[in-house]
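Please look at the sequence and the three-dimensional structure shown here, and keep both in view while reading. The paragraphs after them are meant to be followed slowly, with a finger on the chain.

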Amino acid sequence: MTPEDLAARFKPQLEAELAELRSASQDTAQTRKPVELDQQSVGRLSRMDALQNQAMANAVDSRRQHRITAIEAALQRIAEDEFGYCESCGEPIPEKRLELDPTFTQCVSCRGGG
């Protein structure tokens with residue numbers, strides 16, 4: 001498969017994942033808001049739980065935002081007809097590697113895996 005064929009193949013998958021991630025980020029926005037530390041309305045353990053839940057939600061969203069950035073970059077490479085080519089050596093990235101993750105920007109050799 002040519003890089004152009006791969007771009008056509010992976011573009012819908014990338015767009016769907018991007019939409020799903022953005023939706024999930026919006027859905028969890030309330031969880032990531034600062035925890036109110038009003039000692040009158042919430043007990044100490046409840047506040048600690050809330051802070052821990054907020055920290056976990058922030059960590060998940062940070063990973064989600066990193067993935068969103070990678071997908072947006074892959075979609076930009078598709079738009080610029082650069083998708084499927086190694087950013088280091090310019091050679092086509094093997095189809096099997098892109099099947100693992102279509103946001104990869106380097107071939108196995110340049111990434112240090114072979």
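What follows is a walk through this structure, from its overall plan to single residues.

It should be said early that this is a predicted model, and that every value given below is computed from it or taken from a record. The secondary structure of the chain amounts to five helices and zero strands, and, read from the N terminus on, the elements follow the order α-α-α-α-α. The chain has 114 residues, of which 28% are buried. If one takes the contacts between residues at least 6 apart in sequence, 57% of them join residues that are at least 24 apart.

A good place to begin is the interior. Which residues have the most contacts inside the largest nonpolar core? This core has 16 residues, and the ones with the most contacts inside it are F10, L14, I71, L75, I78, F83 and L98. Helix 1 and helix 3 each supply at least two residues of the core, and it is helix 1 that gives the most, with six residues.

Two of the residues just named, F10 and F83, deserve a closer look, since they also make up the one aromatic pair that the structure holds. Their rings lie 6.2 Å from centre to centre, with 55 degrees between the planes, and the pair is described as tilted. The term can be reasoned out from the angle: because planes under 30 degrees apart count as stacked and those over 60 as edge-to-face, the rest are called tilted. The pair links distant parts of the chain, for F10 belongs to helix 1, which covers residues 3–27, while F83 is in the loop between helix 3 (44–79) and helix 4 (95–100), 73 residues away. Both F10 and F83 are buried.

Around this pair, some neighbours can be followed along the surface as well. A8, which is found in helix 1, counts as exposed because its relative accessibility is 55%. Although A8 and F83 are 75 residues apart in sequence, their C-alpha atoms are 9.7 Å apart in space. A similar exercise can be done with A79, a residue of helix 3, which counts as exposed because its relative accessibility is 61%. A79 and A7 are separated by 72 residues in sequence, and yet the distance from C-alpha to C-alpha is 9.1 Å.

In the loop between helix 3 and helix 4 one also finds D81, whose phi is near 55 degrees, a positive value in a residue other than glycine. D81 counts as exposed, because its relative accessibility is 61%.

Next, consider the contacts made by helix 3. R67 lies in this helix, and its side chain is joined to that of E17 by a polar contact of 2.8 Å. Leaving aside residues up to four places away in sequence, R67 touches E17, L21, D101 and T103. With the same kind of neighbours left aside, I71, one of the core residues with the most contacts, touches L14, E17, L18, L21 and T103. E17, L21 and T103 therefore appear in the list for R67 and in the list for I71, where a contact means heavy atoms within 4.5 Å. S62 is likewise found in helix 3, and is partly exposed because its relative accessible area is 48%. The C-alpha atoms of S62 and S25, which are 37 residues apart along the chain, are separated by 9.6 Å.

The walk ends with the part of the chain that carries annotations. According to an unreviewed UniProt entry, the domain "Zinc finger DksA/TraR C4-type" covers residues 83–111. In the model this span is 34% helix and 0% strand, and its end C-alpha atoms lie 16 Å apart. The unreviewed entry also places the feature "zinc finger region: dksA C4-type" at residues 86–110. For residues 86–110 the end C-alpha atoms lie 8 Å apart, and the span is 36% helix and 0% strand. One further arrangement can be looked for here: the charged end of R97 sits over the ring of F104, at 4.1 Å from its centre.

How values were computed
Residues are numbered from 1 along each chain as its sequence is written. This is a predicted model: local features need pLDDT of at least 70, side-chain atom pairs count only at pLDDT 80 or more; totals for chains, interfaces and linings use all residues. Side-chain values use heavy atoms; hydrogens and water are left out. Rings of Phe, Tyr and Trp (its six-membered ring) pair if their centres lie within 6.5 Å; planes under 30 degrees apart count as stacked, over 60 as edge-to-face and the rest as tilted. Helices (H or I, at least four residues) and strands (E, at least two) are DSSP runs, numbered from the N terminus. Buried means under 20% relative accessible area, exposed over 50%, partly exposed in between (1.4 Å probe, protein chains only). A charge sits over a ring if NZ of Lys or CZ of Arg is within 6 Å of the ring centre and within 35 degrees of the ring normal. A nonpolar core is a set of buried Ala, Val, Leu, Ile, Met, Phe, Trp, Tyr and Cys residues joined through side-chain atoms within 4.5 Å. UniProt positions are given in the numbering used here, feature names are shortened, and annotations may be inferred rather than shown by experiment. A polar contact is a pair of N or O atoms within 3.5 Å; within protein, one must be able to donate a hydrogen and the other to accept it, and residues adjacent in sequence count only if both atoms are side-chain atoms.
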